[in-house]
Structure formats: C-alpha cells, structure tokens
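Here are my notes for your first look through this structure. Keep the 3D view open and turn it as you read each point.

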Amino acid sequence: MPNENAVEWIVLISDGKGSVPRASVLESDYSEAGIVIQAAGVGDGYDRQQMLELAQRTQGELEDISSGQGLQSFFSTEVQNARDVVALDAELTIEPSEIVSINEVYYSLAEQTSTIDPEWRGGNCVVDLGDINRENPPQVVFDMDIRATEVDLSARLARAVLRTDTDTADGEITVTVDEDLTGLDPTTAAEPEPESDPVQPDPTPDP
C-alpha cells in the first residue's frame, strides 16, 4: 500500500486442504515484513494446531468457523480490529539484570496462549508483538530465575522497552519488600485461653 501507516493484514480462510507455508517462509515473508495473518478454519477437516502456528508465527489469531454466519462475522470483526490498531509492528525487549535469567516466554493474544522462542540480542530477550490493537492488546509472560544476593528491600529485575515504528517507551521491573510486614513475636503473642470443661450432670437421681 502507498500509505506507510497502513495496516497490512491477510485474512486467511481455509478448510485445511491446501499446503501450509514452512515456518521459515512465514518468518521471512510475513512476520519480518510486519504482515499479520488472521486465520479462520472452516469445518472440522483442518489441522487446528497447524493453522494456529501459522497465525501465531505472524502475531495473528485463529478462529474456528462452523457456519456461513460465523464466517461473515469473522471477516467483519477483523476489519473492525484493523481499524482499532494503535501501533504498527511493535517489538518488546526485556533487558534482564545480572541476578535474573529468563527461561520460558509465553505470548497471549485474546484467549490463545502459546510458548514462543524469542530472539536473543546480546543477552536481551526480544519479542515481536505485531500490530497492537487498543481493544485486544497482546500480553507477554516471562518465567525467570532470580539468583539470591545480599539482603535488600528492593531489587531491579529487568528493564522493558517497547518500540514501534514511531515511538519508544520503557520501564523498570522491580521487586520490593514491604517494610511494614513484620513477624509475630512469639514472646508477646497472645496464648489461646483453654476451653473450660462443661459442667457434667450428677448421675445420681434425686430421691
């Protein structure tokens, strides 16, 4: 498209009978070019996992379609979602501190969550977020190990940097101990009072 700010999406509707591009082709021809594939699988004859990977490789979504009305609704929804895009080809970089090592990275869009293999640049974890929709922004969750250091009330875990075609934002990820949380001193803790034995009735009846 001539407009550099145009939202470039492919709305793919398939019954799963054709061939699916290899992951390397998806990465080079679509994801790296900032093109998102929004996919819909029609009927029950397609490989759902294959279609899901195809969509998620380009930061898109997959929807299951079982009727003509659902197909029309899917297409209309994707047109509206494209209009709600607020940032094109966004990228999230996590710069871990010296006490942190990142293990797993999870990418979640709508109700679809998957483990992803992020790009690593000089020890920093980079996740391609695709186009960000104001109504349905993606979420990224990191599973990390934190190595113990000297006792401190606050520790810096990582720096997060979000980049788009036109802007950059960043923030610190820290963990802080609440100074107001104190243990209960056992010498001053109130001991529970023992329950008194109930009065037992006299087994000897009155004459």
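1. Start with the empty space inside. This is a predicted model, and its largest cavity encloses about 110 Å³. How many cavities of 30 Å³ or more does the structure hold? The count is 1. If you wonder how such a space is found, rolling a probe the size of a water molecule over the atoms shows where empty space is left.

2. Now look at what surrounds that cavity. The lining of the largest cavity is made by 14 residues, and those closest to the centre are Gln-38, Leu-109, Asp-131, Asn-133 and Asn-136. Two or more lining residues come from each of β2 (36-42), β5 (100-109) and β8 (124-133). Of these, β8 gives the largest share, with 4 residues. Sorted by class, the lining of the largest cavity has 7 nonpolar, 5 polar and 2 charged residues.

3. Next, turn to the largest pocket, which has a volume of about 650 Å³. Its lining counts 23 residues, and Glu-27, Arg-57, Gln-59, Asp-117 and Asp-128 are the closest to its centre. At least two lining residues come from each of α1 (23-31), α2, β4, β6 (112-116), β7 (119-121) and β8. Which element supplies the largest share of this lining? It is α2, with 4 residues. By class, the lining of the largest pocket holds 10 charged, 7 nonpolar and 6 polar residues.

4. Stay with α2 for a moment and find Gln-56. This residue belongs to helix α2, which covers residues 48-56. Is Gln-56 buried or exposed? With a relative accessible area of 16%, Gln-56 falls under the 20% cut-off and so counts as buried. Setting aside neighbours within four places in sequence, Gln-56 is in contact with Gln-112 and Ser-114.

5. Step back to see the overall plan. The protein has 3 helices and 11 strands. Along the sequence, these elements follow the pattern β-α-β-α-β-α-β-β-β-β-β-β-β-β. Of the 207 residues of the protein, 30% count as buried. Among contacts between residues at least 6 apart in sequence, 68% join residues at least 24 apart.

6. Now trace the open sheet of 3 strands. Its order is β1-β2-β3, and the pairing is parallel. Strands β1 (9-14) and β3 (62-65) are the edge strands, each pairing on one side only. On average, neighbouring strands of this sheet are turned by 20 degrees against each other, direction ignored. As a reminder, strands of a sheet pair through backbone hydrogen bonds, either parallel or antiparallel. Here, β2 and β3 pair in the parallel sense over 4 bridges. For one bridge you can look up yourself, start at Ala-40, whose partner in β3 is Glu-63.

7. Two helices are worth viewing together with this sheet. Helix α2 lies across β1, β2 and β3, and runs at about 160 degrees to β2. Helix α3 (residues 68-83) also lies across β1, β2 and β3, running at about 170 degrees to β1.

8. Move on to the antiparallel pairs later in the chain. Strand β4 (residues 85-96) pairs with strand β10 (residues 154-163) in the antiparallel sense over 6 bridges. Strand β10 is also joined to strand β11 (residues 168-176) by 9 bridges, and these two strands run antiparallel. Together β10 and β11 form a hairpin, with 4 residues between them. Follow Arg-163 to see both pairings: Arg-163 is the bridge partner of Glu-91 in one, and the bridge partner of Arg-163 in β11 is Thr-168.

9. Finish at Thr-168, which lies in strand β11. How does its surface exposure compare with the cut-offs? Thr-168 has a relative accessible area of 47%, so it counts as partly exposed. Not counting residues up to four places away in sequence, Thr-168 touches Val-161, Leu-162 and Arg-163. Try one distance in the viewer as well: the C-alpha atoms of Thr-168 and Leu-92 are separated by 9.9 Å, and these residues are 76 residues apart along the chain.

Notes:
Residues are numbered from 1 along each chain as its sequence is written. This is a predicted model: local features need pLDDT of at least 70, side-chain atom pairs count only at pLDDT 80 or more; totals for chains, interfaces and linings use all residues. Side-chain values use heavy atoms; hydrogens and water are left out. Buried means under 20% relative accessible area, exposed over 50%, partly exposed in between (1.4 Å probe, protein chains only). Contact means heavy atoms within 4.5 Å. On a 1 Å grid over the protein atoms alone, a cavity is a set of points where a 1.4 Å probe fits but cannot get out, and a pocket is an open set with protein on both sides within 12 Å along at least five of seven lines; lining residues have an atom within 4 Å of a point. Grid points are joined across faces, edges and corners, and a volume is the space filled by probe spheres set on the points. Ala, Val, Leu, Ile, Met, Phe, Trp, Tyr, Cys and Pro count as nonpolar, Asp, Glu, Lys and Arg as charged, and the others, Gly among them, as polar. Two strands pair if DSSP finds at least two bridges between them. Axes are lines fitted to C-alpha atoms, for helices over the stretch in contact, and angles run from 0 to 180 degrees between N-to-C directions.
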